[in-house]
Amino acid sequence: MRIYRAENYQALSRKAANIISAQVIIKPDCVLGLATGSSPIGTYRQLIDWYHKGDLDFAEVRTVNLDEYVGLGPESAQSYVYFMHHHFFDAINIKPANIHIPNGLNHDAQAECARYDAVIDSLGGIDLQLLGIGRNGHIGFNEPGVAFEKFTHCVNLTASTIEANQRFFNSPDEVPRQAYTMGICSIMHARKILLVASGADKAQAVYNSFFGPVTPNVPASVLQLHQDVTLVADEEALAQVKAHGLL
Ligand code: GLP
């Protein structure tokens with residue numbers, strides 16, 4: 001595992017964008033696994049900036065997103081498909097046909113998850129998977145207790161995640177209770193993994209995930225078993241790691 005310490009969110013975003021750029025430049029038709037949440041927004045902003053400067057070309061890039069709320073579609077401003085278009089896709093030259101996100105409007109969970117796994121397979125797997133991390137150590141929507149061997153599946157969101165994500169909705173009642181998410185197995189099959197973490201409320205999760213025991217109770221801890229993981233975190237998110245004298 002490689003850890004990049006960033007002074008602040010801007011520096012973190014720039015470093016993460018640099019790593020993604022390297023991937024796109026080395027393999028212009030690469031498959032990027034993408035994430036939502038507030039953590040990667042700065043990374044997307046930086047990539048858009050470099051695209052406008054002519055340094056990056058997304059014409060052949062294919063993307064697969066980690067997850068989507070069940071019941072929300074592109075019309076809903078809280079859906080992840082909306083988020084991705086708003087924060088990234090609409091500002092770059094990616095081809096719509098190359099964008100893949102679980103379809104939250106398909107209520108047949110088994111069919112949707114199987115379809116999504118087949119999409120990832122048909123693309124030849126993920127070259128670089130970008131991840132954020134939940135306060136409880138979740139990745140994608142793989143909540144504590146998830147079986148490590150899962151591919152795309154339907155999950156019931158925990159109270160902690162519903163509470164954390166309610167800021168994007170008018171009220172906690174509006175937060176969907178379920179989501180489709182790539183499983184731990186889907187994520188672990190990515191050839192490279194890049195996790196971005198920012199802010200004090202991630203400090204415990206970062207410490208537990210990268211320096212604690214590997215356990216389904218902290219889903220991101222499984223990343224310790226991956227051969228090519230890069231963590232880019234700001235000083236606040238690294239506070240617990242530093243407090244334990246590990247940096
Ligand atoms: C959601 C997403 C995760 C994301 C997490 C943290 O639960 N499903 O992929 O990592 O939120 O989000 P944030 O970066 O806003 O803290």
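Biologist: What makes the D67 side chain and the ligand a polar contact?

Modeller: In this predicted model, a polar side-chain atom of D67 sits 2.8 Å from a nitrogen atom of the ligand. The cut-off for a pair of N or O atoms is 3.5 Å, so the pair qualifies.

Biologist: And what about K202 and G140, which of their atoms come in?

Modeller: For K202 a polar side-chain atom lies 2.5 Å from an oxygen atom of the ligand. With G140 the backbone does the job: an N or O atom there is 3.2 Å from a ligand nitrogen atom. Both distances are within 3.5 Å, so both count as polar contacts.

Biologist: How many residues surround the ligand, and which are the closest?

Modeller: There are 13 around the ligand, with S38, S39, D67, R167 and K202 the closest.

Biologist: OK, over to the sheet. How do you know that β9 pairs with β6 and β10?

Modeller: Count the bridges. Strand β6 (residues 128–131) shares 4 with β9, and strand β10 (residues 229–234) shares 5 with β9. Pairing takes at least two bridges, so both neighbours pass. Each pairing is parallel. For a concrete spot, Q129 stands opposite I193 in β9, while A197 has A233 in β10 as its bridge partner.

Biologist: Why is the whole sheet called open, and which strands are at the edges?

Modeller: The 7 strands run in the order β1-β10-β9-β6-β2-β3-β5, with parallel pairing. β1 (2–6) and β5 (99–100) each pair on one side only, which makes them the edge strands.

Biologist: What makes β9, α7 and β10 a right-handed unit?

Modeller: Point the strands away from you and follow the path from β9 over helix α7 (residues 203–211) to β10. The path runs clockwise, so this β-α-β unit is right-handed.

Biologist: Why is β9 called mostly covered?

Modeller: Of its 6 residues (192–197), 5 are buried. Buried means under 20% relative accessible area, so those 5 fall below that cut-off.

Biologist: Where does L195 fit in, and what does L195 touch?

Modeller: L195 belongs to the largest nonpolar core, which has 64 residues. Along with L47, F58, V64, F88, F89 and L223, L195 touches the most other members. Leaving out residues up to four places away in sequence, the contacts of L195 include L131, I133, F210, L223 and V232. A separate second core of 10 residues includes Y69, L157, I162 and A179.

Note on methods. Residues numbered from 1 in each chain as written. Predicted model: local features only at pLDDT ≥ 70, side-chain atom pairs only at ≥ 80, totals over all residues. Heavy atoms only, no water. Core = buried A, V, L, I, M, F, W, Y, C linked by side-chain atoms within 4.5 Å. Buried < 20%, exposed > 50% of the residue type's maximum accessible area, 1.4 Å probe, protein only. Contact = heavy atoms within 4.5 Å. Near = heavy atom within 4 Å. Polar contact = N/O pair within 3.5 Å; in protein donor to acceptor, adjacent residues only side chain to side chain.
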